[in-house]
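Visitor: I'd like to go through this one label by label and hear the reasoning behind each.
Guide: Sure, let's pull it up.

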Amino acid sequence: MENKVLQFDNSIERYRSLAFNRLDNEDYIGALDMLFSALNKEYSLEIIKDIAVVYANMELYELSNRYWFTYLHKAKKEDIGIALEEIAFNYFYMDNLWASSYYFNKKIEFDGQISRDNIPDEIVKHFAESIDIKDKYKIAYPFEETDYTEELKKGRTAIALGDLRTAKKTFKKVPKKSPQGFEAEKELAVAEFLSGDVEKGIEITRKLIIENGESCALLCNLSSMYKSKEDKEKALYYYKKALTYPKKQEEDTYKLATCALENEDHEKAVELLTEILKERGLDVRLTHLYGLALLNCGKLTEGAKELNELYRIDPTNLTNKYFANLANKMVDGVDTKGLTPFLYNGEIPYKEGNKRLSIIGKVVEYDQLAREKELKKPYVNESVKWGLEMGEEEVAKACIFILSSSTNKENIKYLLDKLLDDEFSADVKSIIIFMLVLAGCKNKMGVVSGGYYTTFKPKKLPFENEEKGKPFETAYALCLSRLAFTGFNSFNQLAIEINKAYKTLKNYENIENLTKEIAVVCTILSDSKKINTHSACRIFNAKEDRVKEILNYIKSRDLL
């Protein structure tokens, strides 16, 4: 009798089917397990789309957009409509109404319709109402009777987006005697504090206490402000005082939890975060803090459970991966001396961080072959990517250099994917573009910053192998790295102007030291109707007088 072997269906469609079964049971994390397993097996835009949908169902809209932008960038032109629409919905629920409107309009331009059925009433209302009419209403009626809730919402959204200048400007528009005056002043104090003017934040908060009396929220704000000044005594004083006041709203519980973490009151932090997460449901940032607080309280099994769940939700997050693995080791009894208690700053422990920084410092000094060999080691590769993601510019530069010079396509793909993550620093993205282009990368690049998506493909320059072409290659890389964030879209013409500039200026005196000025000149010549000399010089931090000299020289050469 012939032996028959049962074969397990290991196709990505099988994984998708298992994911959909879990979705039917609202097992979102289980669905993500299946989809990421499928993605590791075979890269598929359908899987990318599925992951984006699951995140949106979990109300993790930032993560959902990360994958929708990837789909938007890589899908065929005729298939991008769904991405434009879903990005618009996600931004609406993130309170980024500008970006939401922008992508809804892009979808209408694309095919003239919104495809989703049963659009929620609040979204219909958002586009039906006119902000201009509201503004006129506020002019016609006294501020004591006017509702400034919209301004509060806009200001808080600006804080969440890191646009503190807009936040302050918005809160200052709200009259102090209006119904929302107190809330606006309280938020203004926070905006000043986050902008770096701690004293101004303290001054506004103290004035609010004098005029309105103490409250849990105001005392928590003072505690956080003094903590940032490293005045631990006053921070602890105001935190303990805040604990004596009743929590009148969810915001009070959240602020108390923040203060408990800042003042290392781990038990109280666990109590308050349990209350918040029970009310809010899944919140990635708070769950991370909750997991660490549990570990700091010695509740290892519970802490490991929370941190492992976070890693399953986003297995690309290197910080989540580190803490999940470490929590598992703690449960198994591995000594973590020197790593605990954990700080609530979103970073890995100082000791581990120093170890990784040391590796980065060594690898960046190696030659190309040695760097490539080191990058094949999983811990080294992860350390370099961690260094890029940690946010310190000088470290990021070293890590981008290491990865951008790699011949491994996965390392280049990692960098290109970072350009599509709206939560990732625009400054670091600019460095990524610059170094990739200098390294000879000709891949199509998609960049998302502040909700705005743009795309371009670096061109092969005819003079790339010529010694005199180096400053022009650098200027081209500089142009792409800066202009990607300005709304500029004449990228094809830019490459043409760079080549023309090389032919005209390659023997120009001291041209090797005028890279920024070359970038300005080529930008202006590519799109003179939309950008002037002064604005372009500001983008590149170039010398305007030298730019004008070069432009006059080019003009004189053209007349010959």
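**Labels and the reasons behind them**

Guide: Let's start in helix 16 (residues 266–280): Lys268 and Glu271 are three residues apart there, so about one helical turn separates them. Keep in mind that this is a predicted model.

Visitor: What makes Lys268 and Glu271 a salt bridge?
Guide: Their closest N and O atoms are 3.1 Å apart, and the cut-off is a Lys or Arg side-chain nitrogen within 4 Å of a carboxyl oxygen of Asp or Glu, so the pair qualifies. In general, side chains of opposite charge can pair when their charged atoms come close.

Visitor: Why is Lys268 called partly exposed?
Guide: Its relative accessible area is 23%. Buried means under 20% and exposed means over 50%, so Lys268 falls in between. Glu271, with 45%, is therefore partly exposed as well.

Visitor: Which residues are joined into one network by salt bridges that share partners?
Guide: Glu13, Arg16, Glu46, Lys49 and Asp50. Within that group, the side chains of Asp50 and Arg16 meet at 2.6 Å, N to O. This pair links distant parts of the chain: Asp50 sits in helix 3 (residues 45–57) and Arg16 in helix 1 (residues 12–24), 34 residues apart. Asp50 and Arg16 are both buried.

Visitor: How do you know that Arg66 and Asp421 form a salt bridge?
Guide: Their N to O distance is 3.5 Å, and the limit is 4 Å, so they pass. Both Arg66 and Asp421 are buried. The structure holds 36 salt bridges.

Visitor: Is Thr319 buried or exposed, and why?
Guide: Buried, because its relative accessible area is 19% and the cut-off is under 20%. Thr319 belongs to helix 19 (residues 318–331). Leaving aside neighbours within four places in sequence, Thr319 is in contact with His288 and Gly346.

Visitor: Lysine next: why does Lys385 get the label it does?
Guide: Lys385 has a relative accessible area of 16%, which is under 20%, so the label is buried. Lys385 is in helix 22 (residues 378–389). Not counting residues up to four places away in sequence, Lys385 touches Leu318, Leu403, Asn411 and Tyr414.

Visitor: And what makes Lys169 exposed?
Guide: Its relative accessible area is 59%, and exposed means over 50%, so the label follows. Lys169 lies in helix 10 (residues 164–172). On the surface, Lys169 gathers with Lys154, Arg165 and Lys173 in a patch of positive charge.

Methods:
Residues are numbered from 1 along each chain as its sequence is written. This is a predicted model: local features need pLDDT of at least 70, side-chain atom pairs count only at pLDDT 80 or more; totals for chains, interfaces and linings use all residues. Side-chain values use heavy atoms; hydrogens and water are left out. Patches are made of residues with over 30% relative accessible area and no salt bridge: like charges are joined within 9 Å, nonpolar side chains (Val, Leu, Ile, Met, Phe, Trp, Tyr) within 5 Å. Accessible areas come from the Shrake-Rupley method with a 1.4 Å probe; for residues, only the protein chains shown count as cover. Lys and Arg count as positive and Asp and Glu as negative; His and the chain ends are not counted. The place of a charge is taken as NZ of Lys, CZ of Arg, CG of Asp or CD of Glu. Helices (H or I, at least four residues) and strands (E, at least two) are DSSP runs, numbered from the N terminus. Buried means under 20% relative accessible area, exposed over 50%, partly exposed in between (1.4 Å probe, protein chains only). Contact means heavy atoms within 4.5 Å.
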